[in-house]
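Reader: I have a structure open and I'm not sure how to read it. Could you go through it with me?

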Amino acid sequence: MLKTSTPAPLDQAVIAKAQALPTGLWLTCPNCHASAYRRRFGAAKVCPQCGYGLRLTAHERIAQLTQQFEQWDQQLPQLPTDFPGYADKRQAAASASGSDESVICGQALIGAHTVALGVMDSHYMMGSLGTVAGERLCRLFERATQARLPVVVVATSGGARMQEGIQSLMQMAKVSQAVAHHAAAGLLYIVVLSDPTMGGVAASFAMQGDIILAEPHSRVGFAGKRVIEATIHAQLPADFQRAEAVQKAGFIDAIVPRSALGAKLAALLALHEGC
Amino acid sequence: MTAYEQVLQARAPRPYSTRTLIAGIVSDFQECRGDRVHQDDSAIIGGIGWLDQRPVTVIATTKGETLPERLATHGGCPEPWGYRKALRLMRQAEKFHRPIITLIDTPGAYPGKEAEANGQAAAIADLLLAVSTLQTPLVAVIVGEGGSGGALALACGDEVWMAAQSMYAILSPEGFASILFKDVTKAEAAAALMGLTPKELLANQVVERVLPEAGRQFPTMLKTALIPTIARLAAMPTATLLAQRQARFRRY
Ligand SMILES: [Zn+2]
C-alpha cells in the first residue's frame, strides 16, 4: 500500500481509494510521497516509510521535547508596520499555529537538564524572522548568558520577514551578537535544524551552534531551490539541500530521528554540564 | 526620484571601477587572494594599503569591468569562498590591529549549486558571528547595491555609510515582488514599500551617514571622510569599541 522510495509501480486503484477517503484520515509524506493512515505517523508525526518528521507547531515540539517549559518574553510589542495586509496576515498565522510569533522562547527541562530553549514555528508566517522573533531570540541568549545556561534552538524558517524589510535583516546581526556573547562566556549552544531552515535564519544563528543536529530529510540552505534552478538554468537533484547531503558536505554533526532527539540532546548536555 | 529609480541608479555603472575606488582610498594597495581552504573568489577584492599614514585592510565586492570579469563574479555575487576570504582578511586585520573598510556593491550572495553545496549560509553566519566580537574597527560603505544577507555579511560595522546613489534592502525589489505579490513585474511598487533609499535608511538609523554624489571625485571624497572616522575608532579602547558596536546592533 505504501509507495517505496525506489520507484515501484503504483497501484492506481489503491491511490484512487485513498483519495476518496475523507481528508484527514490519510496523510501523504511530503518527502517520499507515500500515503498512510494518519495514525501510522504517530503522535510524533513521523513518516513510517522514510522517517521524515512532519512540520510541528512550536507547542507540539515543546510538548514532545521537554519535561517542563516556562515561556519568556511573551508580551513584546509588535513593530508598528503599515505594510499592506501585514496585520491580517499575522492574525491568520496566529490561528494557524496557535503561536503568537514565529518563535517561542523560555526555560525548559530536557531530561534532567535545564536549558534556555527557542522553538521556531513554520506555521507562523513560514517561521520568518521579524523583529519580535529576533528580540525574543536575542533575549534568550542574553538571559542564558546571565544565568549560565546552555541554549537549544529548534530552527525552522523560510528566512527573513519580508513585510518588515530592513529591520528583519538587522535581526540576523542582532541575534548573532547575542550568540557571540553567549559563546564568549564559554556556554554551549546546540541547534536542531528541522524542515525547512533557509535564508537569513540559516545564514545566522541556525548555523552558529557549537553542535548542529538535523532531523532526517530536512531542507537546509540559503537560496531557494527554484531560485537556484532559475539562475543556473538546470534541474537540481531531489536530495539537493536535504540534511543528508548537507551533512556529507560537512555542515551538520548528526542527523537524529525525531524519536531520538530528546535522548541525543540530554547526552550532549550531560557532556557539557555547567556550560 | 522614485524608489525604483534609486534602485536603477544603484545598479548603473559608476564612472570609476572597484579597483579605482580602492586606489582612490588607499595607496600602495597589496592584494591578498584566496580563502586558504577552497579557492579564490573574484567577486571580492581584498588587501592592505595606506589610508593616509595608517595601514588598513580593504574588502570590496566587485561586479567586474569586462564581460569575462562580470561572468566570473556572477555580477558581483560572492560565493562561500568569497565570504571566507573576507573573514580570513578580517582575522588578519584583527591580529595586526588594522582597521577594516568594506566597500559593498552586491545584489546578494550567489544562488548557485556549488555555492549551496559549499555552505553559503554557514559562510555568512560565520562572518556575522565573527564581526560581533572582532577586535578592530570596521567601517562599511554601501557604494552601489546592498542586497540582502549577502551585503549584510560585510556591513556589520561600527559605522555603516551609504553613497547617495546606492540602495540597501532585505532583497531585490524583483525578488520581493515575486514573493509578496507573486508577480515579478511589480518591482516598482515593491521598491516604494521597501524603505531602501539612503534617506529612509538614515532616518531609520540603519546607516550613520549618506555621502553626497560626487561623480569621479567620489573615491577622494570617501577617503577624506574615512580618515578622521577611522582615526577616532582606532583610538578607542577595544572594550569601548565592542560595547558600542554591540549597542549599535542591539537597538534593532
Ligand atoms: Zn516519507
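Author: We can talk through the core, the interface, the salt bridges and some backbone details. This is a predicted model, in which local features need pLDDT of at least 70 and side-chain atom pairs count only at pLDDT 80 or more, while totals for chains, interfaces and linings use all residues. Residues are numbered from 1 along each chain as its sequence is written, chains are lettered from A and ligands numbered from 1 in the order in which they are written, and side-chain values use heavy atoms, with hydrogens and water left out.

Reader: Ok, so how many residues does the largest nonpolar core have?

Author: The largest nonpolar core has 101 residues, and those with the most contacts inside it are A:Leu193, A:Phe205 and B:Tyr168. A nonpolar core here is a set of buried Ala, Val, Leu, Ile, Met, Phe, Trp, Tyr and Cys residues joined through side-chain atoms within 4.5 Å, where buried means under 20% relative accessible area, exposed means over 50%, and partly exposed lies in between (1.4 Å probe, protein chains only).

Reader: Which helix gives the largest share of this core?

Author: That is helix H6 of chain B, residues 120–132, with 9 residues in the core. Helices (H or I, at least four residues) and strands (E, at least two) are DSSP runs, numbered from the N terminus. A second, separate core has 26 residues, including B:Ile101 and B:Leu233.

Reader: And what is A:Leu193 in contact with?

Author: Setting aside neighbours within four places in sequence, the residues in contact with A:Leu193 include A:Ala155, A:Met207, A:Ile212, A:Glu215 and A:Ile252, contact meaning heavy atoms within 4.5 Å.

Reader: Switching topic, how many residues of each chain are in contact with the other?

Author: On the chain B side there are 40 residues, in contact with 43 residues of chain A. The two chains bury about 3,500 Å² between them, with 74% of it on carbon and sulfur atoms; buried area is the accessible area (1.4 Å probe) that two parts lose on being put together, summed over both.

Reader: Which three residues of chain B supply more of that area than any other three?

Author: They are B:Ile170, B:Arg250 and B:Tyr252, which supply 19% of the area that chain B buries against chain A. The rule also finds 2 salt bridges across this interface, a salt bridge being a side-chain nitrogen of Lys or Arg within 4 Å of a carboxyl oxygen of Asp or Glu. In one of these contacts between chains, B:Arg250 meets A:Glu142 in a salt bridge at 2.6 Å, N to O.

Reader: What gives the most residues to that side of chain B?

Author: H6(B) gives the most to the side of chain B that touches chain A, with 9 residues. That side divides into 24 nonpolar, 10 polar and 6 charged residues, where Ala, Val, Leu, Ile, Met, Phe, Trp, Tyr, Cys and Pro count as nonpolar, Asp, Glu, Lys and Arg as charged, and the others, Gly among them, as polar.

Reader: How many salt bridges are there over all chains?

Author: A search of the whole structure finds 27. One of them pairs A:Arg55 with A:Asp195, the closest N and O atoms being 3.3 Å apart. A:Arg55 lies in the loop between strand E2 (35–37) and helix H2 (58–65) of chain A and A:Asp195 in strand E7 of chain A, so this pair ties together parts that are 140 residues apart in sequence.

Reader: Are those two buried or exposed?

Author: A:Arg55 is partly exposed because its relative accessible area is 36%, whereas A:Asp195 counts as buried at 8%.

Reader: Which salt bridges does A:Glu215 form?

Author: A:Glu215 meets A:Arg61 at 2.9 Å, N to O, and also pairs with A:Arg258, where the closest N and O atoms are 2.8 Å apart. Both A:Glu215 and A:Arg258 are buried, and A:Arg61 is buried too, with a relative accessible area of 5%.

Reader: Last one, where is the cis peptide bond?

Author: The cis peptide bond joins A:Asp195 and A:Pro196, with omega about -10°, and A:Pro196 has its place in strand E7 of chain A. Another backbone detail is B:His97, which has a positive phi of about 55° although it is not a glycine; B:His97 is exposed, with a relative accessible area of 63%.
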